[in-house]
Amino acid sequence: MTEFVKLTYGDNEYELPVIVGSEGEKAIDISKLRSQTGLITLDTGYANTGSCTSNITFMDGEKGILRYRGIPVEQLAEHSSFKETSYLLINGKLPTQQELTNFSVLLNDNSLVHEDMRDFYEKFPRSSHPMGILSSMVNALRSFYPELQNLEEEINMTVTRLLSKIRTMAAMSYKISRGHRVVYPRADLTYCANFLNMMFDSPVKPYEIDEDVVKALNVFWILHADHEQNCSTSAVRLVGSARVTLYAAISAGIAALWGPLHGGANQAVIEMLSEIAANNSMAEIIKRAKDKSDPFRLMGFGHRVYKTFDPRMKIMKRMCDTLLQKLNITDPLLDVAMELEQIALKDDYFTDHNLYPNVDFYSGIVLRAIGIPTNMFTVMFAIGRLPGWIAQWKESQDDPNWKLCRPRQIYTGPQTTDYVPIEDR
Ligand code: SDX
């Protein structure tokens, strides 16, 4: 039976239906609020506003739960691969062996990028940030592969093409930025191993695939694969609601992810840890983070939804310890990160504000151990988040109730004002 909330406004009383999700979350359906009451709602930053219903990812911010299509991320990190998890997110179920084989063949067959795209990469200034390049070049894919229209098989081909090519595009921007020869994808390598080889293989030093590193990269990308209606996913859904191509919507998501408050935090965490290590400024950093007059935030801490430990951070930290031990690497920034975590979690400011380490706090240490340059950290996040963006975009496009996203506002500017000719000003 439908629940209702009662709203009393002026001399009138209104009933608004309550939507209940499969995990018991509840929302007031305000889709008829303005037509019934003349009122709209105001929720800066949308902290209290649901933009959609979704079957893809469930998060519980109080309990620190994250599930993709109902499967706990802990189980996927332990048993699945990034390719299989991508299939799960996009298609809503784990693939059979035949389906996974077919998916692998399509990913392999579509892993090259058009040779003419290299001219674009060559023309970017060498100091260009790889996230800006990636956002531009994903949008440019539309010019090289224009056939996405409405047919299901065309959309599936475009989805698979994008999932495959984003690795090649990311590695290409890295190689070209260093003036090195571009390494092509290989048919004999798995999704993650291919990316590592394209990044690090060289004519003078052939890259040796280390299965521990491949496993770590699979887990890294599984942990980043989706996160319900975060900033960049909301950008993909909103831009996609105008019925642009998938490439344009994903390009918008990449741009949103770049921000240091969002996906750019993984790069900002390493820069913060490096600054602490170089200047022994742990106390100063903590002090600045707590100073309300200072816009500085402790990078890698806090989350709009998680008010306890980010479940992904726990897995990332364990993987960090395992990988550094297997590779026999000691990273001084790991010691700084662990000390900073301990100090912050003993400080009432952070615990009172429910500020705990998030996915970005240790992820940079893992990427450093793999050999990824710091300015590519957020590109790594983008590659991981791509299947989630695609799944969310497809769900919105397939939703019969989906419409153009166009929020309202409360106007607080000047009331009617006459034009003043310039000679009278
Ligand atoms: C990601 O949404 C997602 O799911 C994102 C993500 C994903 O997978 O897509 O999980 C990936 O973006 C993780 C978050 C990465 N960003 C950072 O690590 C940057 C540092 N974190 C903060 O900027 C902040 O915690 C946010 C932006 C992540 C969330 O902030 P909110 O929810 O907007 O909260 P807020 O800024 O309103 O802060 C509430 C209070 C404030 O203090 P008061 O004014 O109430 O006294 O908490 C304080 C803030 O000053 N606060 C922090 C802080 N984060 C919040 N103080 C110091 N350091 C911080 N990191």
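The bend at a residue is the angle between two axes, one fitted to the seven residues ending there and the other to the seven starting there. Keep that in mind for the opening stop, and remember throughout that you are looking at a predicted model.

**Stop one: a kinked helix**

Select residues 377-398, which make up helix α18. Then zoom in on R385: the helix has a kink of about 45° there, shortly before the proline P387. Now put a distance between the end C-alpha atoms of α18; you should get 32 Å. What should the 22 residues span at 1.5 Å a residue? The expected value is also 32 Å, so the two agree. Switch on a surface for the rest of the structure and α18 is largely enclosed by it, because 20 of the 22 residues are buried.

**Stop two: the hairpin at the start**

Jump to residues 3-9 for strand β1 and 12-20 for strand β2. These two run antiparallel and are paired through 7 bridges. For one facing pair, highlight V5 and find L16 of β2 opposite. Then look at the turn: 2 residues sit between the strands of this hairpin, and G10 has a positive phi near 65°.

**Stop three: a three-stranded sheet**

Next comes an open sheet with the strand order β4-β5-β6, paired in antiparallel fashion. Which strands form the edges? They are β4 (57-60) and β6 (71-72), each pairing on one side only. Between β4 and β5 (residues 65-68) you can count 4 bridges. Pick T57 and you'll find that its bridge partner in β5 is Y68.

**Stop four: a buried serine**

Click on S80, in the loop between α2 (73-79) and α3 (82-91). Is S80 buried or exposed? Its relative accessible area is 10%, so it counts as buried. Show side chains here and you'll see S80 in a polar contact of 2.6 Å with the side chain of E84. The S80 side chain also has a polar contact with that of T85, at 3.1 Å.

**Stop five: M157 in α7**

Select helix α7, residues 152-177, and pick out M157. With a relative accessibility of 27%, M157 is partly exposed, because that category runs from 20% to 50%. Add L107 to the selection: it is 50 residues from M157 in sequence, yet their C-alpha atoms are 9.5 Å apart in space.

**Stop six: the ligand**

Now show the ligand and the 24 residues around it. Which of them come nearest? Look for H227, K292, H303, R304 and R312. A few polar atoms are worth labelling too. In H262, a polar side-chain atom is 2.9 Å from a ligand oxygen. The side chain of R297 has an N or O atom 3.3 Å from an oxygen atom of the ligand. F301 uses its backbone instead: a polar atom there lies 2.9 Å from a nitrogen atom of the ligand. On its own the ligand would expose 1100 Å², and the protein buries 77% of that area.

**Last stop: D331**

Finish in the loop between α14 (311-326) and α15 (332-345), where you'll find D331. Its relative accessibility is 8%, so D331 counts as buried. Bring up R368 as well: the side chains of D331 and R368 are joined by a polar contact of 2.7 Å.

How values were computed
Residues numbered from 1 in each chain as written. Predicted model: local features only at pLDDT ≥ 70, side-chain atom pairs only at ≥ 80, totals over all residues. Heavy atoms only, no water. Expected span 1.5 Å × (residues − 1). Buried < 20%, exposed > 50% of the residue type's maximum accessible area, 1.4 Å probe, protein only. Pairing = 2+ DSSP bridges. Near = heavy atom within 4 Å. Polar contact = N/O pair within 3.5 Å; in protein donor to acceptor, adjacent residues only side chain to side chain. Areas by Shrake-Rupley, 256 points an atom, 1.4 Å probe, with all protein chains shown as cover.
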